[in-house]
Amino acid sequence: SAIQLARYGPQDAQPGPGGEDDKTKADFSTLLDIIISSEAPEDLPSILTQNVETILAAMGTEGLIEEVIQEDVQRTKQLDNNDKRLDQLSAAVNVIVSFAETFVEQAKSMDDVYKQLLGKIFQSIAPNKSEESLNLGVSSLESDLDELLALEEESFTPGFLRHVEGECNRIAALPTLSPESAEMLQI
């Protein structure tokens, strides 16, 4: 099937620049058909999750969803129950949009939590002015970090580690690295 299933290992080569929209359109059309024909509503979250890339690509391509619906309606025009099909398509798109909105909200919420945790880590290892003037040194910073790590142990999830890796990649890709950015990458 053209719909993406959970895959492990190297991904297949992506279509060239001209075929990307056509592939997204075909995948989205297939996804709509799967949602409409699904008899078990409890299967929808799994179907949607497995196809999140297709959903986001379709929503990010201007006019693609409308085009898919128009083509589907044209294809099914000969059927007597064309209004029913339009209602089914509308309901399927509503399910997809609702899923995408929830997905984005949860991703943003997780990102905010990860940013706060990363900020706490940096604050615990950055000497403040009183420590610099008292010259308390590294041992105080290490104990602050150890205390934070123990306190936040459950927060260090694979998602957080992916976030840290993404931040490192983002900083490393900057055209010019400030001394602070270079120091953060070393941490």
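These questions and answers walk through a predicted model of one protein.

Reader: How many helices and strands are there in the protein?
Author: Read along the sequence, the pattern is α-α-α-α-α-α-α-α-α. The strand count is 0. The helix count is 9.

Reader: What share of the residues of the protein counts as buried?
Author: Buried means under 20% relative accessible area. The protein has 187 residues. The share of them that counts as buried is 27%.

Reader: Which residues of helix α3 are buried?
Author: Helix α3 covers residues 52-60. On one side, Glu53 and Gly60 are exposed. The other side holds the buried residues of α3: Val52, Thr54, Ile55 and Ala58.

Reader: Why are they on the same side of α3?
Author: Look at the directions around the helix axis. The buried residues of α3 are covered by parts that include α1, α2, α4 and α5. They lie on the same side of α3 because their arc around the axis is only 160 degrees.

Reader: Is aspartate 72 buried or exposed?
Author: Aspartate 72 sits in helix α4, residues 64-75. Leaving aside neighbours within four places in sequence, it is in contact with Asp33, Arg85 and Leu89. Its relative accessibility is 2%, and the cut-off is under 20%, so aspartate 72 counts as buried.

Reader: What span should helix α8 have?
Author: Helix α8 runs over residues 158-172, which is 15 residues. The rule takes 1.5 Å times one less than the number of residues. The end C-alpha atoms are 21 Å apart, which agrees with the expected span of 21 Å.

Reader: Which residues of α8 are exposed on the other side from the buried ones?
Author: The buried residues of α8 are Gly159, Phe160, His163 and Ile171. They cover an arc of only 115 degrees around the axis, so they are on the same side of α8. On the other side, the exposed residues are Pro158, Leu161 and Arg162.

Reader: Which residues make the nonpolar surface patch of about 240 Å²?
Author: Take phenylalanine 103 as one of them. It is found in helix α5, residues 82-125. At 34% relative accessibility it counts as partly exposed, and a patch residue needs over 30%. The patch is made by Leu56, Phe103 and Val104.

Reader: What percentage of the exposed area do carbon and sulfur atoms supply?
Author: The protein exposes about 12900 Å². Of this area, carbon and sulfur atoms supply 55%.

How values were computed. Residues numbered from 1 in each chain as written. Predicted model: local features only at pLDDT ≥ 70, side-chain atom pairs only at ≥ 80, totals over all residues. Heavy atoms only, no water. Patch = residues over 30% accessible without salt bridge, like charges linked within 9 Å, V, L, I, M, F, W, Y side chains within 5 Å. Areas by Shrake-Rupley, 256 points an atom, 1.4 Å probe, with all protein chains shown as cover. Salt bridge = Lys/Arg side-chain N within 4 Å of Asp/Glu carboxyl O. Helix = DSSP H or I, 4+ residues; strand = E, 2+ residues; numbered from the N terminus. Buried < 20%, exposed > 50% of the residue type's maximum accessible area, 1.4 Å probe, protein only. Arc of directions from axis to C-beta. Contact = heavy atoms within 4.5 Å.
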